[in-house]
Amino acid sequence: SQACIHIVDLQAAASREIARATGAEAGYVASGASACLLLATAAAITGCDPGRMARLPDTRGMKNEVVMVRSQRNFYDHAVRAAGATIIEVGLPDRYAGAGVRDAEAWEIDEAIGERTAAVFYVADPMARPLLPEVVGVAHRRGVPVIVDAAAQLPPTANLRRFIGDGADLVAFSGGKALGGPQASGILAGRRDLVMAAALQHQDLDIHWDLWEPPAGLIDKAALRGAPAHGLGRSCKAGKEEIAGLLVALKLFIAEGDAKRHAGWLADVERIAAGVAGLNDVAAEIVNASVVDAVPRLVLRLDRGRHDALAVTLALQHARPAVIVELEDRHGDTIVCNPLCLGSGEAATVGATLRAVLSVR
Ligand SMILES: *Cc1c(COP(=O)(O)O)cnc(C)c1O
């Protein structure tokens with residue numbers, strides 16, 4: 001943080017590291033997965049045209065539609081819309097209504113692709129349908145890039161390469177989730193030309209064209225008609241601290257590996273479970289105990305006659321130190337303890353707090 005270095009040179013080094021870790025042609029760091037998705041969408045809309053970059057988020061006259069499966073819509077897709085894109089929804093996922101078995105199908109995505117399509121946007125999840133290779137298949141046949149939101153898809157470590165391997169053109173990962181990097185960091189990995197377009201819309205470009213010597217590995221100056229001005233993505237600034245911190249986190253994440261990481265999380269979950277052992281109005285179950293490439297969690301089903309899960313969650317939240325559990329259904333009887341953010345020694349505190357809260361109710 002105290003060394004003076006051109007930030008774009010640091011990004012070029014980050015690009016090489018991210019490429020190595022993901023198998024992508026290039027990579028970039030911005031202030032979160034959401035920021036990376038904004039940059040990715042902007043890149044898909046403008047390509048490396050500086051005039052178009054300057055006009056965003058006004059996308060009149062440009063390809064500005066992004067096709068997305070309806071069941072994958074979520075509030076993070078604000079990042080896509082913020083770039084000036086209109087989301088075209090596809091499919092009617094009646095499997096979620098309990099009224100049917102289907103979600104969107106690849107032919108429906110194909111049907112929604114037209115002259116104005118800038119990208120297909122895919123939110124990765126084990127439940128996501130259609131499968132990514134099918135989506136890539138129809139999109140690429142029509143010459144349209146696929147942007148993947150994989151913000152929370154680590155672990156498994158293999159997912160660093162999986163979506164690129166499946167043919168995605170750009171993939172975003174959160175730096176501040178399981179990677180354990182700076183909270184305000186995210187990885188964008190993908191095609192060289194699209195990463196270049198993202199970089200151009202993110203960098204500070206307060207410079208004379210003749211003096212501008214960007215690193216060739218990240219920005220191909222010869223391919224540009226002129227230097228774009230500060231772009232739409234400037235608001236997604238990442239500092240040297242975030243870039244270096246994220247790269248270190250990425251290295252540590254890969255070096256630790258799924259098995260060792262899982263063993264540490266499992267030990268924490270077991271420590272929490274020990275805290276509630278013997279309480280006869282609580283049924284405890286550890287899920288993913290033997291699935292080394294997933295996060296183990298402690299699922300606590302509370303006896304409805306004795307406990308209100310919402311009230312228990314609030315009481316834990318009000319404890320000091322506060323204990324934050326997941327209440328997946330506001331009307332449900334189940335709370336879930338996720339070890340992802342626990343520091344060393346904190347699992348015992350969580351277990352003791354749970355026991356105290358559940359014993360007085
Ligand atoms: C967390 C999350 C994001 C946002 O990630 P940040 O790194 O916090 O910007 C985007 N999409 C999905 C699916 C997420 O889970």
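Which residue has a polar backbone atom 2.9 Å from an oxygen atom of the ligand? In this predicted model, that residue is Ser34, whose polar backbone atom is paired with a ligand oxygen at the stated distance. Two side chains also take part in polar pairs with the ligand: a polar side-chain atom of Asp149 is placed 2.7 Å from a ligand nitrogen atom, and a polar side-chain atom of Lys177 is placed 2.7 Å from a ligand oxygen atom. Of the 390 Å² of accessible area that the ligand has on its own, 78% is covered by the protein.

The residues surrounding the ligand are Gly32, Ala33, Ser34, Tyr76, Asp149, Ala151, Ala152, Ser174 and Lys177, and by class this shell comprises four nonpolar, three polar and two charged residues.

As regards the interior, nonpolar side chains in soluble globular proteins tend to be buried together. The largest nonpolar core of the model contains 49 residues, and the most contacts inside this core are made by Phe121, Ile147, Leu200, Leu218 and Ile219. Among the elements that each supply at least two residues of this core are helix 1 (7–22), strand 1 (26–30), strand 4 (117–123) and helix 8 (192–200), while helix 2 gives the most, with 11 residues. When residues up to four places away in sequence are not counted, Ile147 touches Leu37, Ala40, Thr41, Ala44, Ala119, Val120, Phe121, Tyr122 and Leu170. A second core, separate from the one just described, has 44 residues and includes Val146, Val171, Phe173 and Leu179.

Notes. Residues numbered from 1 in each chain as written. Predicted model: local features only at pLDDT ≥ 70, side-chain atom pairs only at ≥ 80, totals over all residues. Heavy atoms only, no water. Core = buried A, V, L, I, M, F, W, Y, C linked by side-chain atoms within 4.5 Å. Buried < 20%, exposed > 50% of the residue type's maximum accessible area, 1.4 Å probe, protein only. Helix = DSSP H or I, 4+ residues; strand = E, 2+ residues; numbered from the N terminus. Contact = heavy atoms within 4.5 Å. Near = heavy atom within 4 Å. Polar contact = N/O pair within 3.5 Å; in protein donor to acceptor, adjacent residues only side chain to side chain. Areas by Shrake-Rupley, 256 points an atom, 1.4 Å probe, with all protein chains shown as cover. Nonpolar A, V, L, I, M, F, W, Y, C, P; charged D, E, K, R; others polar.
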